[in-house]
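Trainee: Can we go through the empty spaces inside this one? I'd like to start with the smaller stuff.
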Amino acid sequence: MGDSNTQIPEYGKSFNLFRYNSPTIQIVLIGLVCFCCPGMFNALSGMGGGGQVNSTASNNALTALYTTFAVFGILGGGIYNILGPHLTLFAGCSTYVLYAGSFLYYNHYQHQFFAITAGAILGIGAGLLWAAQGAIMTSYPPENRKGTYISLFWSIFNMGGVIGGLIPFILNYNRGDAPATVNDGTYIGFMAFMSAGAVLSLTILPASKVVRDDGTRCTHMVYSNVTTESYEILKLFYNWKMLLIVPAAWSSNFFYTYQFNHVNKPQFNLRTRGFNNVFYWGAQMLGSVAIGYVMDFSFKSRRKRGVVGICVVALLASGIWGGALANQIKRDLGVIMDFKDSGSRYAGPFVLYFSFGLLDSMFQSMVYWVIGALANDSEILSRYAGFYKGVQSAGAAVAWQIDNHKVSGMGQLIVNWVLTSVSYPLLLVLVVLAVKEDNKGEEEQAKQVAPSSVENGSVR
């Protein structure tokens, strides 16, 4: 197949935005898959405690989830290169249905074992799904529009959180102010969406069949093998570019525990938490569009755009975490607010939670843009994305157990603020040293085959 930047013949080109093998349609499809699966998972987690009064079962399930996710996130890029998108995504999506079903079971029997086991299985599936998603989102678009395509994906994906937030809001609207678990219909609604996502994942094309509007393909890879992928994944652990991303990756899901269990869950009743989540995930759509514009259109130089984008997110984050500190200090413990009845007291915590959604999407879109700027080839970027998700999930596993051990909200806030603040200067160093105006040098390097892959007959 040759180099990923090799032009296909003129008769093979098509500039139709809606052709099935275009990057645009493929990004929309992977966005819809994530709308149905992790989008609904986010809505479930965003209610705090998985929709249960007691967060223990959810925290333990999420710890198991992110522990296995940490391993399979790193391995996921290699698995994707071997199996391709259909098997990788379908296997990953199917595990989300099991996880939601475990909480339906828990609603009736209060046994943690099923939820924890389902969480561990979902960690495996999520590692596969997000490694595949990362490869698709960062490698399919043209290099000068990666921020735009990332924001397109992020908007579609987070619409799942918006719809998912409406499900518990509507189904639990009249259940009063007393602490309560969500009803069975909420979990069944999540499972229906997740099942649809698993089926939809079969529509995603492999990178070798996707053609950009300039006629280039997204990878030079024909197939890979276990030996090659094992060798390439091990190399990531002493790749200086990946090491500079570690603090950003670790912190990028670490803050969910604080936001869900110490901002949304303890301050609001059940229907208001669902209402808040509609705006939390809606804010993610706005944030991804805003940072996508900065990363793609603010300056002609790609390196300068990266530097400006990181600085914008860093300044915004400082303001939002400062607001979180003020909220943590002044909030009334034990006071549960309702969006209709609490008046002006509701406004401050609501705006804070909305801002957290804005910051989350801008932070993660920024990191994905940086990863995408390091290469163009799907084979390389699947490993980079897998490494990012693996480290991210290890951080999340630690965060959920920190909360399970009753670490105070103030302590968690400070740790989150410090972790995210440390990541910005390291990302700036990475952009200045590693981001080029194009990735031709990286693509040439990618052609060099590891000795083990030649011995095993890999065609690269």
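Trainee: What volume does the second largest cavity have?
Mentor: The second largest cavity comes to about 30 Å³. Keep in mind that this is a predicted model.
Trainee: Which residues line the second largest cavity?
Mentor: The lining is made up of F41, N42, S45, Y66, Y256, F260 and W400.
Trainee: And which elements give two or more residues to that lining?
Mentor: Those are α2 and α10, where α10 covers 255-267. The most comes from α2, which supplies three residues.
Trainee: How does that lining split by class?
Mentor: Five residues are nonpolar and two are polar, with no charged residues in the lining of the second largest cavity.
Trainee: OK, stepping back. How many cavities of 30 Å³ or more are there?
Mentor: The count is two.
Trainee: How much space lies in the largest cavity?
Mentor: About 190 Å³. There are 19 residues lining the largest cavity, and N42, Y66, W130, N253 and K389 are the closest to its centre.
Trainee: Which elements give two or more residues to the lining of the largest cavity?
Mentor: From the N-terminal end, they are α2 (38-46), α3 (56-83), α5 (112-139) and α6 (146-171), and then α13 (347-373) and α14 (378-404).
Trainee: I saw N42 earlier.
Mentor: Yes, N42 lines the second largest cavity, and N42 is also among the residues closest to the centre of the largest cavity. Y66 is likewise in the lining of the second largest cavity and in that central group of the largest cavity.
Trainee: How many charged residues are in the lining of the largest cavity?
Mentor: Two are charged, alongside 12 nonpolar and five polar residues.

Terms used
Residues numbered from 1 in each chain as written. Predicted model: local features only at pLDDT ≥ 70, side-chain atom pairs only at ≥ 80, totals over all residues. Heavy atoms only, no water. 1 Å grid on protein atoms, 1.4 Å probe; cavity = no way out; pocket = protein on both sides within 12 Å on 5 of 7 lines; lining within 4 Å. Points joined across faces, edges and corners; volume = space filled by probe spheres on them. Helix = DSSP H or I, 4+ residues; strand = E, 2+ residues; numbered from the N terminus. Nonpolar A, V, L, I, M, F, W, Y, C, P; charged D, E, K, R; others polar.
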